[in-house]
Amino acid sequence: QPNELRRAVLGTLREWWAPQLHNHSRLQDREYQAYAVLTRCRALYTLQHGTVVSKVVAAKWGQQNLGERWAALIERALVWEHGDTQPDEMSETLGFMRHTLERTEQFEKPSEAHGCGSFHNHP
């Protein structure tokens, strides 16, 4: 069900991804930076739409809906390949992670307008 997916995504964001804002050890790897960006797009898409899509579909949605500032970072994550020598994007990736966490706040609280237990569904 859509709200069960949303709860699962919120749990993963809180328990797995949020701590990485303070412990950057995994994010030292450029491949993991690309993975983090694409995964965050997918999480936001799921929160917004209540369904799971591929990382590519979610990334394309993210480029159109998460703001111009992030479009190029998302594009670089999409085209990244193992062994690629793209420059490190730790700072930009962390900024994107913070941005996506801020966007998830609208989904954290049940919407009283939609009844108990349902989630906000704002763009």
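The chain exposes about 7000 Å², and carbon and sulfur atoms supply 52% of that area. The model is a predicted one. Of the 123 residues in the chain, 45% are buried. The secondary structure consists of five helices and zero strands, so the order of elements from the N terminus reads α-α-α-α-α. Among the contacts in the chain with a separation of 6 or more, 57% are accounted for by residues 24 or more positions apart.

Helix 3 is a convenient place to enter the fold. This helix covers residues 55–65, and A58, A59, W61, G62 and Q63 are buried in it. On which helices do the buried residues of helix 3 pack? They pack against helix 2 and helix 4. Just after helix 3 comes G67, which takes a positive phi of about 105°.

The packing towards helix 4 can be followed from L78. This residue is found in helix 4, which spans 68–79. L78 counts as partly exposed because its relative accessibility is 22%, and the buried class ends at 20%. Leaving aside residues up to four places away in sequence, L78 touches L38, V56, A59, K60 and Q63. Two of these contacts, A59 and Q63, are among the buried residues of helix 3. K60 is 18 residues from L78 along the chain, and the C-alpha atoms of L78 and K60 are separated by 9.0 Å.

The aromatic residues give another view of the packing. A search of the whole structure finds five aromatic pairs. One of them joins Y45 and W61: the ring centres are 5.4 Å apart and the planes stand at 85°, so the pair is edge-to-face. The cut-off behind that label is a plane angle over 60 degrees. This pair links distant parts of the chain, since Y45 lies in helix 2 and W61 in helix 3, 16 residues apart. Are the two residues buried or exposed? Both Y45 and W61 are buried. Elsewhere, ring pairs link W17, Y32 and Y35 into a cluster.

W17 also appears in the lining of the largest pocket. Rolling a probe the size of a water molecule over the atoms shows where empty space is left. The largest pocket has a volume of about 150 Å³. Its lining consists of A8, V9, T12, L13, W17, T39, R40, R42, A43, T46 and V52. Which helices each supply at least two residues of this lining? They are helix 1, residues 2–17, and helix 2, residues 30–49. By class, the lining has six nonpolar, three polar and two charged residues. The charged residues are R40 and R42.

The last stop is the loop between helix 4 and helix 5, where P87 is found. Helix 5 runs over 90–108. P87 counts as exposed because its relative accessibility is 61%, and the exposed class begins over 50%. In sequence P87 and R30 are 57 residues apart, while in space their C-alpha atoms are 7.8 Å apart. R30 stands at the start of helix 2, which covers 30–49.

Technical notes
Residues are numbered from 1 along each chain as its sequence is written. This is a predicted model: local features need pLDDT of at least 70, side-chain atom pairs count only at pLDDT 80 or more; totals for chains, interfaces and linings use all residues. Side-chain values use heavy atoms; hydrogens and water are left out. On a 1 Å grid over the protein atoms alone, a cavity is a set of points where a 1.4 Å probe fits but cannot get out, and a pocket is an open set with protein on both sides within 12 Å along at least five of seven lines; lining residues have an atom within 4 Å of a point. Grid points are joined across faces, edges and corners, and a volume is the space filled by probe spheres set on the points. Helices (H or I, at least four residues) and strands (E, at least two) are DSSP runs, numbered from the N terminus. Rings of Phe, Tyr and Trp (its six-membered ring) pair if their centres lie within 6.5 Å; planes under 30 degrees apart count as stacked, over 60 as edge-to-face and the rest as tilted. Buried means under 20% relative accessible area, exposed over 50%, partly exposed in between (1.4 Å probe, protein chains only). Contact means heavy atoms within 4.5 Å. Accessible areas come from the Shrake-Rupley method with a 1.4 Å probe; for residues, only the protein chains shown count as cover.
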